[in-house]
Each structure stands twice: as structure tokens, then as C-alpha cells.
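Biologist: Please choose one part of this model and take me through it closely, starting from a single residue and working outward to whatever surrounds it.

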2 protein chains.
Amino acid sequence: MSRASSKAYEAIRSRILTGEFAPGAHLKEEELAEVCGVSRTPIRDALRALSAEEYVRVVPNHGTYVSEWSDDDIKDIFTLRAILEGHAALLASGRAMPGHIEELSHLHRTMSTVLEKEDEPDRDVFVQSNRRFHEIITEAAGSRRLTQMIGRLVEQPLIARTAISYTRVDLQRSNHQHGELIAAFRARDGAWAQAVMKSHILAAYQAYKLRYKRSCNGNSSKAAE
Amino acid sequence: MSRASSKAYEAIRSRILTGEFAPGAHLKEEELAEVCGVSRTPIRDALRALSAEEYVRVVPNHGTYVSEWSDDDIKDIFTLRAILEGHAALLASGRAMPGHIEELSHLHRTMSTVLEKEDEPDRDVFVQSNRRFHEIITEAAGSRRLTQMIGRLVEQPLIARTAISYTRVDLQRSNHQHGELIAAFRARDGAWAQAVMKSHILAAYQAYKLRYKRSCNGNSSKAAE
DNA sequence: CACGCGTACTTTGTATACAATAAAAGTTCC
DNA sequence: GGAACTTTTATTGTATACAAAGTACGCGTG
């Protein structure tokens, strides 16, 4: 995507992430064109791209609407993340270079420092480091397609905001699991790395449910795995 | 997508599938517009959609090229299918309705008949039935997102043509595994269904490698799962 | 008063014209 | 003769104008 298109893409995407464009909202091309300062053509490009990434839903001849997430959708996303990132960890444990493990350790130390030093942890630094931590593992797995699939799951608004609502205990648990992941990589134990990653993500789902959902009606679809 | 867009989408997609647009070919918007009988605008829409599904690769300011698949890409696709369809089988075993299992049985009988009766099996019927068989399981899993992810893997040209090159023995093995899947569903044994589905797909990969690849250099990336 | 039809309006879909960009070829200077 | 620079050309990116479709509202009629 070129200048105007990606400008529109970023503008719309960030407004969805901040909630300015609420779930279910009808996005009108002309309004977006005004807001972004470009014509409708690149707006349409951007909307199609956002649709492919499930940020919005395009209904032919009606318009595009900001995606809404049901509890089941959210469960699906975490479950799929657990499966795919677990697989990525398995692959990465056999392929990770010393440099990768070094960087993971560095990020782990950074996150530990954030949690130990201050009274109120700097969530931005934690979130950024955490994101990069997972990115390194995914990339180390060495599968373009896997990277892309995971990317599409992680980019979702709700995931992006998850860590904001974590309690200190949640963050410490998460950080501990990162440490265990590094240990598994050092030992080159794929099964271990996979198991840790899976539980890491499923624990995150549990934390998310407790903090975010109003009524935890939960078992609308039968559990598994 | 509306009339002109989807017309263009289908026209381009089918030409990629038949090989008329070969992997690596540079697709020029104006030429496509002529071929499809529409203007460049819906062509661009179609190309963006095809790009999201990995049929083509869009390089900004350069053009769009038909995707090329390396051996590693193909390995990734089969591996991810094994993981995701395996998971779908697990979920489906807990949710499948009698009607689902009935339809699976019917398709299984159809495929058995194709293999038993004629000297040269009717591959078209087999391929179509097989496709539907997998579709039912995926849908029975009841996860929109999972369905979509699997759909994107299966739609790929190379997968679509896989069964064409199968030997009779390959087809019989495949058919036998379908029977075992049905048994697992009847028993509502998720772990069994998952294991059968995984081996079903990995066996298909093996068959594909033997029939298609010129040099089976194979172990360029370490195996897993 | 209610129901159905028609018209006007809003919004998306498509075509075309123009601008920007990158590659290729030709030319000039060393 | 070679290399760098300019000019040309092929192709994509963007804007705008117009067409089609779908919705809502209002009017008329039963």
C-alpha cells in the first residue's frame, strides 16, 4: 500500500483500537475520506485490508461495520493462539540461535525490572516487551505462514488491550512463564516449550475473563484440549 | 463484492488455478481489465482479495505477482492443516449432531463405491466428496475463525490438485482413514478423532511429496509434531 | 387508519482521467 | 568504449464524476 492508502489504513485502524470507532459502527467511506484527508479510492483499499484482518466486516452494497466480538469469538482467538503459538515455540526450540535466546533474556530482565522497581508497574514497557518477546519466538519458528496466522490473531483490539487490565499478580505469573520458556529453549526441549507456551496463553485467557467479562456465562460451547 | 468485482475475482482465480497465470507471472491491471471486461477499479479490488488469500503477492508501486510455493511453504501448509484440522476434529467429536455423522457416512459410502466399482476411479467425484467430508467436520467444530483459517489453507492451488495425482492405493488409504474418523465420532472420542485426522493429513503430505516433487530434498527445516 | 406503492435520498460500486513512481533506454561526457 | 545522467515509457496510485442499489419517507388509496 502506498502513501494515501496506508495513511488511511493507519488512521482507521488506530481509531478502531482506541474505540473512537466502536464495534458495530457503520463506517461511511465519504466521512472517512474527509477524516483522513484522501479520496474514497484509498479508503476503500484500506477497508478491504482491514476486512482481511477482521477489524471490519464488509457487507456488499450496504457498507462496512466495525467488527464485534462475542465471548465465543474471544475464546476461539485465545484457543487458536495457544495452539499456534505453542507450535511456534516447539519449532523455535529446535531453531533458535544464541542471539534469539540472548534477546529473549534481555526482554525478560527488562520486564522483571519493571515489576520489581516501581510501585505501579509501567504497563507500556511491559506490553511492548511482551509483544516483542512473542514476536521473536514466532519468527524463530521460521514459518512465514505461521507467523502471519499468529499475527492476525494477536493484532486484534481486544488482545492488544488485554495486558492493560492485568493485576500485578497476573503480570508476575506471566513473567515467570517467560523465564520458563527461556529455560526450555536453552534445554532445546520442544515439548516443554510448547507446553509452557500453551499454558501461558490459556492463563492469559483466564485472567482476561476474570477482569473483562461482565457476566462470565462461560460454557456456551463445550470445552476442549 | 459486487458484480464486477466478483466477476473479476473468479476470472483471475480460475486462471491461476488452471495455470494459465503461472506462478511468478506479473499480472497487469489493464490487461486483466480487458480480459474480464471491467475497469481497473474492480480489478484492484479482486487483486487485494486474492492477495489476502495468498493467491497473489502485491508489491507496492511494482505490481502483483502470482504466488510461488517453495517446498518449505508446502510443508508448512500441510503441517498447519494437520494441526488445525486435527483440532477441528477434536471439537467436532464433541459437537457433531447425528445428521452430521449421517452425511459423513453417506460421503464415505460414495467414495468407497467409486474405488470399488470402476477400473479407473472417478477422481472428480472422489475429490468433491472428500472436500465436502472435510468441510462438514470443520463446520461441525463450530468456530468461525477456525473454519476461515482452514479454508485459506485448503483453497490453495496445490492442495486442490493434490488428489488428482494420487494412486489407487493412496485413495484407498485415505478412504480407510475417513472410515476411522467416523468411528471416532460415533464413539465421541476427541483424542482419537484428532489423531486420525492428523495422520490423515500428514499421510496426504507424504503421498504428495512422492508423486509431485522432483527432488525430495525434504529436510530443509527440522520436523516436528 | 393502515397498507402499499412510488419517489427521493443516501451510500456503495464502477469507470475514466490524471499524477506519481520506478524501470529502461538513449544520449552525452569523460 | 564505458559510466552516469536525462528522457521516455510502462505501470501503479489517486481523485473525481457518474451509475446502480438499497432504504426511508411520504403520499395516496382502499
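Modeller: The model is a predicted one, and I shall begin with Asp45(A). Its relative accessibility is 9%, below the 20% cut-off, so Asp45(A) counts as buried. The partner of Asp45(A) in a salt bridge is Arg44(B), with 3.7 Å between the closest N and O atoms. This pair passes from one chain to another: Arg44(B) belongs to helix H3 of chain B, and Asp45(A) to helix H3 of chain A. Arg44(B) has a relative accessible area of 25% and is therefore partly exposed, whereas Asp45(A) is buried. In general terms, side chains of opposite charge can pair when their charged atoms come close.

The aspartate of the other chain also has a partner across the chains. Asp45(B) and Arg48(A) join their side chains in a salt bridge, 3.4 Å from N to O. Here again the pair runs between chains, with Asp45(B) in helix H3 of chain B and Arg48(A) in helix H3 of chain A. Asp45(B) has 9% relative accessibility, so it is counted as buried.

A further salt bridge lies within one chain. Arg81(A) and Glu85(A) meet through their side chains at 2.9 Å, N to O. The two residues sit four apart in helix H4 of chain A, about one turn of the helix, and both are buried. As for networks, salt bridges with shared partners connect Glu29(A), Arg40(A), Arg44(A), Arg48(A) and Asp45(B). Asp45(B), described above as the partner of Arg48(A), is thus a member of this network. Over all chains, the salt bridges number 24.

Two arginines of the network, Arg40(A) and Arg44(A), lead on to the nucleic acid. There are 20 residues around DNA strand C, and those that come nearest are Arg40(A), Arg44(A), Ser39(B), Thr41(B) and His62(B). Of the atoms of DNA strand C that come within 4 Å of the protein, 65% belong to sugar and phosphate. Three contacts to phosphate oxygens of DNA strand C may be described individually. Lys28(A) places a polar side-chain atom 3.0 Å from a phosphate oxygen of DNA strand C. Asn61(A) has a backbone N or O atom 3.2 Å from a phosphate oxygen of that strand, and for Leu27(A) a backbone N or O atom lies at 3.3 Å from a phosphate oxygen of DNA strand C. Two or more residues of the surface near DNA strand C come from each of the following elements: strand S1 (26-27) and helix H3 (40-52) of chain A, and helix H1 (3-18) and helix H3 (40-52) of chain B. By residue class, this surface near DNA strand C consists of five nonpolar, nine polar and six charged residues.

Strand S1 of chain A, which contributes to that surface, also takes part in a sheet. Chain A has an open sheet of three strands in the order S1-S3-S2, with antiparallel pairing. S1 and strand S2 (56-59) of chain A occupy the edges and have a single partner strand each, so one side of each has no neighbour in the sheet. S2(A) and strand S3 (residues 63-66) of chain A run antiparallel and are joined by four bridges; Arg57(A) has Tyr65(A), in S3(A), as its bridge partner. In chain B, three strands likewise form an open antiparallel sheet, ordered S1-S3-S2. Its edge strands are strand S1 (26-27) and strand S2 (56-59) of chain B, each pairing on one side only. Four bridges hold S2(B) in antiparallel pairing with strand S3 (residues 63-66) of chain B, and Val56(B) stands opposite Val66(B) in S3(B).

Helix H4 of chain A, which holds the pair Arg81(A) and Glu85(A), brings us finally to the aromatic rings. Four aromatic pairs are counted over all chains. In one of them, Phe78(A) and Tyr205(A), the ring centres are 5.0 Å apart and the planes stand at 35°, so the pair is tilted. Phe78(A) lies in helix H4 (residues 71-95) of chain A and Tyr205(A) in helix H10 (residues 190-212) of chain A; the pair thereby links distant parts of the chain, 127 residues apart. Both residues, Phe78(A) and Tyr205(A), are buried. In chain B, Phe78(B) makes a tilted pair with Tyr208(B), at 5.7 Å centre to centre and 40° between the planes. Phe78(B) is in helix H4 (residues 71-95) of chain B and Tyr208(B) in helix H10 (residues 190-212) of chain B, so this pair ties together parts 130 residues apart in sequence. Phe78(B) counts as buried at 1% relative accessibility, as does Tyr208(B) at 6%. In chain A, ring pairs join Phe78(A), Tyr205(A) and Tyr208(A) into a cluster.

Note on methods:
Residues numbered from 1 in each chain as written. Chains lettered and ligands numbered in written order. Predicted model: local features only at pLDDT ≥ 70, side-chain atom pairs only at ≥ 80, totals over all residues. Heavy atoms only, no water. Phe/Tyr/Trp six-rings, centres within 6.5 Å; stacked < 30°, edge-to-face > 60°. Buried < 20%, exposed > 50% of the residue type's maximum accessible area, 1.4 Å probe, protein only. Near = heavy atom within 4 Å. Polar contact = N/O pair within 3.5 Å; in protein donor to acceptor, adjacent residues only side chain to side chain. Nonpolar A, V, L, I, M, F, W, Y, C, P; charged D, E, K, R; others polar. Pairing = 2+ DSSP bridges. Salt bridge = Lys/Arg side-chain N within 4 Å of Asp/Glu carboxyl O.
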